[in-house]
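Colleague: I am new to this structure and would be grateful for a close look at a single part of it. Please take one helix and describe its setting.

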Amino acid sequence: MTIEELWQSAIGEIELSVSKANFITWIKNAKLIAKDGGTCTLEVPNQFTREWLENKCNTLILKALRNSSCDVKKVAYVVASRRPLDISPPRVEEPAVATESQLGFLSSTINESTNLNPKYDFSSFIVGSFNELAHAAAVSLSKPENIGKEYNPFFIYGGVGLGKTHLLQAIGNELIRKHPGQIKVKYISSEVFTSELISAIRIQKMEDFKRKYRKIDVLIIDDIQFLAGKEKTQIEFFHTFNALYEANKQIIISSDRPPKAIPTLEERLCSRFEGGMTVDISYPDFESRIAILKQKLDTFDFTLSDEIINFIASKIQKNVRELEGSLNKISAYYKTTNTVPDLTKTKELLKSLIVRPPKRISPSKIMDTVAEFYEIPLVDIIDGGRKKELVKPRQISMYLLREELHESYPSIGKKLGGRDHTTVIHACDKIEKARQADENLGMELNLIKERLYNA
Ligand code: ADP
Ligand code: MG
């Protein structure tokens with residue numbers, strides 16, 4: 001395996017474990033430049049990136065490299081020295097683009113004024129029952145006559161890697177492709193939006209900030225759940241939101257959960273979000289997973305037998321990003337060996353994605369995860385009173401302790417503040433019934449489990 005292939009394979013794995021924003025900011029511009037014995041040397045563009053990777057991502061990077069080459073023991077980070085005077089063709093000022101194209105499957109150039117990545121379009125988006133509604137709504141929104149009307153705001157939610165960002169960006173891309181220069185679109189993550197907002201507040205440039213956003217016709221804000229808990233930001237966001245909304249600007253928002261389930265989201269903001277069109281994307285069914293794999297395969301230079309495709313689709317169920325990840329792994333193998341793996345080899349290659357050794361999760365892990373999800377201190381869940389916002393997480397903790405760990409009712413009662421076993425039985429029944437009746441609750445439980453098993 002060449003070092004480039006090793007890095008491609010590792011990066012394919014890393015991409016699955018970090019958010020897209022983090023991936024683009026920190027990982028994408030790093031490059032594996034040497035492997036000397038057990039030491040891999042990564043070149044990064046600046047000192048800041050180096051520190052960040054060293055402190056926060058080292059384990060992840062090391063693990064990914066080791067999964068592809070088990071003799072790797074250590075990762076060293078070096079900051080790229082400024083290039084010596086260039087004697088090769090004049091390609092100054094374009095280093096980022098060059099790196100991207102070296103990375104093949106990541107290649108695409110982000111539009112500077114819209115922040116949109118042109119690779120996300122409707123034609124590459126597979127539609128199945130799991131995302132049908134979201135897709136249909138997105139398609140109507142990509143027609144200028146519909147923007148700023150009844151789908152305003154457009155709120156789309158669903159778990160990680162299920163295509164929210166893809167769909168959001170497809171709307172923007174479609175609008176600017178069909179109506180170049182006529183509709184101003186801006187895509188922004190809620191983290192970036194928040195930090196712009198904060199600095200505008202700090203330097204008293206709110207008017208400039210509002211003016212800037214008022215020029216936009218379609219504002220796309222990804223992953224709005226990050227606004228949770230930031231009170232001041234929410235208030236300012238609310239005003240900006242209203243200003244845009246009243247000027248008939250289209251606002252498109254994504255989140256990992258429905259507005260009501262975002263803890264500490266200001267009431268007014270929540271009802272504003274709910275005032276437009278809210279759709280969810282759920283998990284792809286088996287047929288959709290097959291369709292996704294087949295379509296993605298078209299972009300690779302090898303094919304796979306139906307047996308292997310079926311195998312992947314039956315084993316990798318979590319999300320679309322992992323389906324892509326499995327093909328990236330096979331592709332790395334294909335590039336090294338020039339052969340397509342057979343079923344046995346495929347199983348081996350995808351081991352890290354498939355074999356989910358039944359992780360030992362502990363009762364306290366469940367309770368911590370629930371507390372963290374609802375942003376309520378664990379002590380309040382255990383010992384707090386009967387306030388509604390405490391009772392629900394408490395009952396969910398009981399339910400999960402029962403469902404996931406098969407704990408006895410009395411022992412669950414003991415863990416949650418010494419409550420009687422009949423209270424626990426009642427709670428478990430209640431959550432089970434509510435789960436069947438209320439889609440949102442089902443979604444919340446899935447998200448909590450996702451955190452529980454994938455943390
Ligand atoms: P999210 O924003 O929900 O976490 P993304 O939009 O980043 O998910 O999707 C993860 C990856 O899966 C992306 O590469 C995206 O292109 C791909 N993807 C997601 N849904 C689909 C789909 N329905 N058809 C084709 N590709 C998809
Ligand atoms: Mg996303």
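Modeller: I shall take helix 6, and I should say at the outset that the model is predicted. Helix 6 covers residues 164–178, a run of 15 residues. From its first C-alpha to its last it reaches 22 Å, close to the 21 Å expected at 1.5 Å a residue.

Is helix 6 mostly covered or mostly open? It is mostly covered, since 12 of its 15 residues are buried. The buried residues are K164, T165, H166, L167, L168, Q169, A170, I171, G172, N173, E174 and L175. An α-helix has 3.6 residues a turn, so residues three or four places apart point the same way.

What do the buried residues of helix 6 pack against? One partner is a helix, namely helix 5 (132–141). The other partners are strands: strand 4 (154–157), strand 5 (185–189), strand 6 (218–222) and strand 7 (250–255).

These strands belong to an open sheet of 5 strands, in the order 5-6-7-4-8, with parallel pairing. Strand 5 and strand 8 (277–280) are its edge strands, each pairing on one side only. From one strand to the next, the twist averages 15°. Helix 6 packs on this sheet, where it touches strand 4, strand 5, strand 6 and strand 7. The direction of helix 6 makes about 165° with that of strand 6.

Within the sheet, strand 4 and strand 7 run parallel and are joined by 4 bridges. I156 stands opposite S254 in strand 7. S254 is also touched by Q225, a residue in the loop between strand 6 and helix 9 (231–246). Leaving aside residues up to four places away in sequence, Q225 touches S255, D256 and I262 as well. Q225 has a relative accessible area of 13%; this is under the 20% limit, and Q225 is therefore buried.

For the wider setting, the domain assignment of the chain gives domain 1 (3–79), domain 2 (100–281), domain 3 (286–349) and domain 4 (363–454). The C-alpha centres of domain 1 and domain 2 lie 30 Å apart.

Helix 1 (residues 3–17) may serve as a second example. Its 15 residues should span 21 Å at 1.5 Å a residue, and its end C-alpha atoms are 21 Å apart, which agrees. In helix 1, 11 of the 15 residues are buried, so this helix is largely enclosed by the rest of the structure. Among them are L6, W7, A10, I11 and I14.

Conventions
Residues are numbered from 1 along each chain as its sequence is written. Chains are lettered from A and ligands numbered from 1 in the order in which they are written. This is a predicted model: local features need pLDDT of at least 70, side-chain atom pairs count only at pLDDT 80 or more; totals for chains, interfaces and linings use all residues. Side-chain values use heavy atoms; hydrogens and water are left out. Helices (H or I, at least four residues) and strands (E, at least two) are DSSP runs, numbered from the N terminus. The expected span of a helix is 1.5 Å times one less than its number of residues. Buried means under 20% relative accessible area, exposed over 50%, partly exposed in between (1.4 Å probe, protein chains only). Contact means heavy atoms within 4.5 Å. Two strands pair if DSSP finds at least two bridges between them. Axes are lines fitted to C-alpha atoms, for helices over the stretch in contact, and angles run from 0 to 180 degrees between N-to-C directions. Domain bounds come from an automatic or database domain assignment.
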